[in-house]
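Open the model in your viewer and keep the sequence panel beside it. The stops below say what to select and what is there.

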Amino acid sequence: MTERFVVVPASYVYLLREGADGPEVLLQLRGDVPYMAGHWAAAAAGHVEKGETAYAAARREALEELGITDADLHFEFAMQRTASGEAIDERIDFFFTARAWEGEPAIVEAHKCDGIGWFALDALPSPMVPHEAHALAHLGTPEKYLTFGFPEA
């Protein structure tokens with residue numbers, strides 16, 4: 001009998017705008033945090049809490065991390081990912097974009113974030129959190145289900 005595993009859900013919000021040279025995304029530089037410190041990532045993201053929908057988590061994270069409300073969220077895709085096989089490394093991520101919101105995005109959790117900035121989708125900063133670089137490469141495609149970390153079939 002196969003042992004069941006635990007899946008950790010998370011929601012990601014990519015704020016988008018039209019820049020002088022095409023679409024831009026707002027990213028954060030991860031600060032002194034346990035996972036991928038010093039890497040660029042979604043400006044707002046976090047775990048879905050018990051009893052919370054992925055949409056509600058995305059809205060909560062946008063408020064907690066950027067101080068914005070009423071984000072006009074659009075579901076882009078889900079990503080199933082794995083790393084070492086430990087329960088904490090089995091993930092399902094929900095990716096949303098928003099082109100409209102209330103408020104000016106700002107760093108709210110300065111102890112976790114070393115900066116935010118707008119970047120052209122075709123000129124992302126380095127280093128990027130690897131699975132997020134994979135996600136950003138699929139924005140605007142018809143794909144609704146992505147995987148990351150699994151062996152190629």
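A residue counts as buried when its relative accessible area is under 20%. Keep that cut-off in mind, and note that this is a predicted model.

**Stop 1: strand S6**

Select 91–98, which is strand S6. Six of its eight residues are buried, so S6 is largely enclosed by the rest of the structure. Now add S1 (8–19). S1 and S6 pair through eight bridges in the parallel sense. To see one of these pairs, pick Tyr12, whose bridge partner in S6 is Phe95. Then add S5 (73–81). S5 is joined to S6 by eight bridges as well, but these two strands run antiparallel. Here, pick Phe75 and look across to Phe96 in S6, which stands opposite. As you follow the side chains, recall that in a regular strand they alternate between the two faces of the sheet.

**Stop 2: the largest pocket**

Keep Tyr12 selected and add Arg30, Tyr35, Gly46 and His47; of the 31 lining residues, these five are the closest to the centre of the largest pocket. The space in this pocket comes to about 790 Å³. Which elements supply at least two residues each to the lining? They are the strands S1, S2 (22–30), S4 (44–47) and S7 (113–120), together with the helices H1 (54–66) and H2 (130–137). Colour H1 separately, since its four residues are the largest share of the lining. If you colour the lining by class, expect 16 nonpolar, ten charged and five polar residues.

**Stop 3: helix H2**

Select 130–137 for H2, then show the side chains of its buried residues: His131, Glu132, Ala135 and Leu136. Look down the helix axis: the buried residues fall within an arc of 140°, so they line one face of H2. An α-helix has 3.6 residues a turn, so residues three or four places apart point the same way. What do the buried residues of H2 pack against? Their partners are S1, S2, S3 (40–42), S5, S6 and S8 (145–148).

Stay on H2 and centre on Leu136. With a relative accessibility of 6%, Leu136 counts as buried. Setting aside neighbours within four places in sequence, its contacts are Tyr14, Val25, Leu27, Leu121, Leu124 and Met128. For a distance to check, draw a line from the C-alpha of Leu136 to that of Leu15: the two are 12 Å apart in space and 121 residues apart in sequence.

**Stop 4: backbone exceptions**

Most residues other than glycine have a negative phi, and most peptide bonds are trans. Three places in the loops are worth selecting with that in mind.

- Go to Met36, in the loop between S2 and S3. Its phi is positive, about 55°, although Met36 is not a glycine. Met36 is partly exposed, at 26% relative accessible area.
- Next, select Asp70, in the loop between H1 and S5. Asp70 is not a glycine either, yet has a positive phi of about 50°. Is Asp70 buried or exposed? At 61% relative accessibility, Asp70 counts as exposed.
- Finish with Pro127, in the loop between S7 and H2. The peptide bond leading to Pro127 from Ser126 is cis, and its omega is near 0°.

Conventions. Residues are numbered from 1 along each chain as its sequence is written. This is a predicted model: local features need pLDDT of at least 70, side-chain atom pairs count only at pLDDT 80 or more; totals for chains, interfaces and linings use all residues. Side-chain values use heavy atoms; hydrogens and water are left out. On a 1 Å grid over the protein atoms alone, a cavity is a set of points where a 1.4 Å probe fits but cannot get out, and a pocket is an open set with protein on both sides within 12 Å along at least five of seven lines; lining residues have an atom within 4 Å of a point. Grid points are joined across faces, edges and corners, and a volume is the space filled by probe spheres set on the points. Ala, Val, Leu, Ile, Met, Phe, Trp, Tyr, Cys and Pro count as nonpolar, Asp, Glu, Lys and Arg as charged, and the others, Gly among them, as polar. Buried means under 20% relative accessible area, exposed over 50%, partly exposed in between (1.4 Å probe, protein chains only). The arc is that of the directions from the helix axis to the C-beta atoms. Contact means heavy atoms within 4.5 Å. Two strands pair if DSSP finds at least two bridges between them.
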